[in-house]
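Hi everyone, thanks for making time for this. I'd like to walk you through one structure, slowly enough that nobody gets lost.

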Amino acid sequence: KKEYYAEALSKALDGRGCAPFYLVPDKRYVYLPPKNFRDKKASDVHKKSSPFVSMWYVWGGTPERNEALIRTFRKMEKKGD
């Protein structure tokens with residue numbers, strides 16, 4: 001872990017830092033480059049999926065906003081959105 005990240009997480013234990021949650025897609029995420037960014041290829045070898053597993057760190061800025069984001073995400077997840 002990077003020092004600044006470890007420090008931010010350790011401060012979260014006493015309410016002074018951030019406590020992010022993490023979003024990880026069920027399957028490899030496909031990133032679409034801007035139009036005309038790449039030459040078109042007619043091969044499956046050149047698909048535009050990410051060469052790595054994607055993951056997002058999410059922090060709402062305050063514990064209250066973070067909890068609101070988590071609640072909203074869980075509601076959406078239950079609905080299947």
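I'll begin with the whole chain, move to the strands and the loop, and finish at the second helix.

So, before anything else: what you see here is a predicted model. Please keep that in mind while I talk.

Okay, the overall layout. The chain has two helices and two strands. If you start at the N terminus and walk along, the order of the elements is α-β-β-α. There are 81 residues in the chain, and 12% of them count as buried. As for the outside, the chain exposes about 7500 Å², and carbon and sulfur atoms supply 55% of that.

One more number for the big picture. Take the contacts in the chain with a separation of 6 or more: residues 24 or more positions apart account for 51% of them. Hold on to that thought, and let's go and look at some residues.

Let's go to the strands. β1 covers 21-23 and β2 covers 56-58. How many aromatic pairs does a search of the whole structure find? One. The partners are Y22 and Y57, and their ring centres are 5.2 Å apart. The planes of the two rings sit at 75°, so we call this pair edge-to-face. Now look at where the partners come from: Y22 is in strand β1, Y57 is in strand β2, and they are 35 residues apart, so the pair links distant parts of the chain. How covered up are they? Y22 is partly exposed, with a relative accessible area of 39%, while Y57 is exposed, at 52%.

Staying in β1, find L23. L23 counts as partly exposed, at 24% relative accessibility. The cut-off for buried is under 20%, in case you were wondering why 24% doesn't make it. L23 and W56 are 33 residues apart in sequence, but from C-alpha to C-alpha they are 5.1 Å apart in space. And if you skip residues up to four places away in sequence, L23 touches M55, W56, V58 and F73.

Now for the loop between β1 and β2. Three residues there make a nice little series: V53, S54 and M55. Which of them is buried or exposed? V53 counts as exposed, at 64% relative accessibility. S54 is buried, with a relative accessible area of 3%. M55 is partly exposed, at 39%. So walking along this bit of loop takes you from exposed to buried to partly exposed.

What does S54 have around it? Leaving out its neighbours within four places in sequence, S54 is in contact with V24, P25, Y29 and Y31. And V53, for its part, has its C-alpha 8.3 Å from that of K27, with their positions 26 residues apart along the chain.

Let me pull some of these names together. Y22, V24, V53, M55 and Y57 form a nonpolar patch on the surface. Together they have about 520 Å² of accessible area. You'll notice that both rings of our edge-to-face pair, Y22 and Y57, belong to residues of this patch.

Last stop: helix α2. This one runs over residues 63-79, which is 17 residues. From its first C-alpha to its last, α2 reaches 25 Å, close to the 24 Å expected at 1.5 Å a residue. Right after α2 comes G80, and its phi is positive, near 85°.

Two residues in α2 are worth pointing at. The first one I'd pick is N66. N66 is buried, with a relative accessible area of 3%. Not counting neighbours within four places in sequence, N66 is in contact with A19, P20, F21, V58, W59 and G60.

The other one is L69, also in α2. At 39% relative accessibility, L69 counts as partly exposed. With the same kind of neighbours left aside, L69 is in contact with F21, V58 and G60, and those three names also appear among the contacts of N66. The C-alpha atoms of L69 and V58 are separated by 8.8 Å, and the two residues are 11 apart along the chain.

To wrap up, one thing to try on your own screen: find V58, then look for L23, N66 and L69, which each have V58 as a contact. That's it from me, happy to take questions.

Conventions:
Residues numbered from 1 in each chain as written. Predicted model: local features only at pLDDT ≥ 70, side-chain atom pairs only at ≥ 80, totals over all residues. Heavy atoms only, no water. Patch = residues over 30% accessible without salt bridge, like charges linked within 9 Å, V, L, I, M, F, W, Y side chains within 5 Å. Areas by Shrake-Rupley, 256 points an atom, 1.4 Å probe, with all protein chains shown as cover. Salt bridge = Lys/Arg side-chain N within 4 Å of Asp/Glu carboxyl O. Helix = DSSP H or I, 4+ residues; strand = E, 2+ residues; numbered from the N terminus. Buried < 20%, exposed > 50% of the residue type's maximum accessible area, 1.4 Å probe, protein only. Expected span 1.5 Å × (residues − 1). Contact = heavy atoms within 4.5 Å. Phe/Tyr/Trp six-rings, centres within 6.5 Å; stacked < 30°, edge-to-face > 60°.
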